[in-house]
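Reader: I would like to go through this model with you. I will ask why each label applies.

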Amino acid sequence: MLENVSAERPHPTKDVTQHVGYLLKRTQAALRGAMDKVLREHGLTVPQYATLELLALHPGMSNADLARATFVTRQSGNVVLRGLQEAGLITRPATADHGRARPARLTEEGDARLAAVQAAVYAVEQRMVDAIPAQRLAALLADLDRMAAALEE
């Protein structure tokens with residue numbers, strides 16, 4: 001039987017819906033829903049879009065690197081890459097030059113699809129950012145980065 005132990009709360013509120021973690025998750029869920037909606041119109045998922053964005057910035061990333069950067073497992077990352085390759089949006093060599101890494105690159109169609117959807121996705125993020133005073137954005141970004149780093153230790 002569990003003892004009635006009173007855990008010390010990280011901040012004064014007793015309402016879990018006002019805890020930092022809850023509010024972060026609510027924000028993430030709202031962002032994901034808004035992104036899903038605009039990406040669906042372009043035949044993409046959030047992981048596919050994120051992969052296209054990353055490959056535009058860093059051509060030749062491996063599946064393992066892309067999976068880490070898009071917060072999915074390697075297996076899920078491989079499914080994303082296969083889907084993008086079948087859609088003609090990326091290209092990967094049939095075999096790896098060394099090891100198992102098969103670097104991915106955007107095709108012309110991938111560049112075009114990314115360009116077509118970026119404005120819609122950026123508008124979603126802008127709606128979110130517009131909800132806070134502009135002078136607080138840099139501090140918010142720094143705080144979020146520090147919070148993530150504290151949990152990754």
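Reader: Why is methionine 147 called partly exposed?

Author: Its relative accessible area is 34%. Buried means under 20% relative accessible area, exposed means over 50%, and partly exposed lies in between (1.4 Å probe, protein chains only). Methionine 147 has 34%, so methionine 147 is partly exposed. Methionine 147 sits in helix α6. Helices are DSSP runs (H or I, at least four residues), numbered from the N terminus.

Reader: What kind of model is this, and how is it numbered?

Author: This is a predicted model, with residues numbered from 1 along each chain as its sequence is written. Local features need pLDDT of at least 70, side-chain atom pairs count only at pLDDT 80 or more, totals for chains, interfaces and linings use all residues, and side-chain values use heavy atoms, with hydrogens and water left out.

Reader: What is the pLDDT of the protein?

Author: The mean is 91, and 92% of the residues reach 70 or more. pLDDT is the predictor's confidence in each residue, from 0 to 100. Among the elements, α2 has the highest mean, 97, and α3 the lowest, 93. Where pLDDT is low, the predicted coordinates should not be read in detail.

Reader: Which residues form the nonpolar patch on the surface?

Author: Val20, Leu24, Leu140, Leu141, Leu144 and Met147 form the patch. Together they have about 460 Å² of accessible area. Such areas come from the Shrake-Rupley method with a 1.4 Å probe, and for residues only the protein chains shown count as cover.

Reader: What makes methionine 147 fit the accessibility rule for a patch?

Author: Patches are made of residues with over 30% relative accessible area and no salt bridge; like charges are joined within 9 Å, nonpolar side chains (Val, Leu, Ile, Met, Phe, Trp, Tyr) within 5 Å. Methionine 147 has 34%, so methionine 147 meets the area cut-off. Helix α6 (137-152) and helix α1 (20-40) each supply at least two patch residues. The largest share, four residues, comes from α6.

Reader: How many salt bridges are there, and what makes a salt bridge?

Author: The count is three. The rule asks for a side-chain nitrogen of Lys or Arg within 4 Å of a carboxyl oxygen of Asp or Glu.

Reader: How do you know that aspartate 36 and arginine 32 form one?

Author: Their closest N and O atoms are 3.4 Å apart. The limit is 4 Å, so the pair qualifies. Both residues lie in helix α1, four residues apart, about one turn of the helix. Aspartate 36, at 25%, is partly exposed. Arginine 32, at 35%, is partly exposed.

Reader: What about arginine 68 and aspartate 65?

Author: Their side chains meet at 2.5 Å, N to O. That is a salt bridge. They are three residues apart in helix α3, so about one helical turn separates them. Arginine 68 has 54% relative accessibility and counts as exposed. Aspartate 65 has 34% and counts as partly exposed.

Reader: Which salt bridge lies in helix α6?

Author: Aspartate 143 and arginine 146 form a salt bridge, 2.3 Å from N to O. They are three residues apart in α6, about one turn of the helix. Aspartate 143 is partly exposed, at 34%. Arginine 146 is exposed, at 51%.

Reader: Why is phenylalanine 71 called exposed?

Author: Its relative accessible area is 78%. The cut-off is over 50%, so phenylalanine 71 is exposed. Phenylalanine 71 is in the loop between α3 (63-69) and α4. Proline 47 is 24 residues away in sequence, yet 8.4 Å away in space, C-alpha to C-alpha.

Reader: Why does glutamine 48 count as buried?

Author: Glutamine 48 has 15% relative accessibility. Buried means under 20%, so the label applies. Glutamine 48 lies in helix α2. Leaving aside residues up to four places away in sequence, glutamine 48 touches Gly43, Val80 and Leu84. Contact means heavy atoms within 4.5 Å.

Reader: Which residues touch the most other members of the largest nonpolar core?

Author: Leu39, Leu52 and Ile90 do, in a core of 23 residues. α1, α2 (46-57), α4 (74-86) and α5 (108-129) each supply at least two of the core residues. The largest share, five residues, comes from α2. A nonpolar core is a set of buried Ala, Val, Leu, Ile, Met, Phe, Trp, Tyr and Cys residues joined through side-chain atoms within 4.5 Å.
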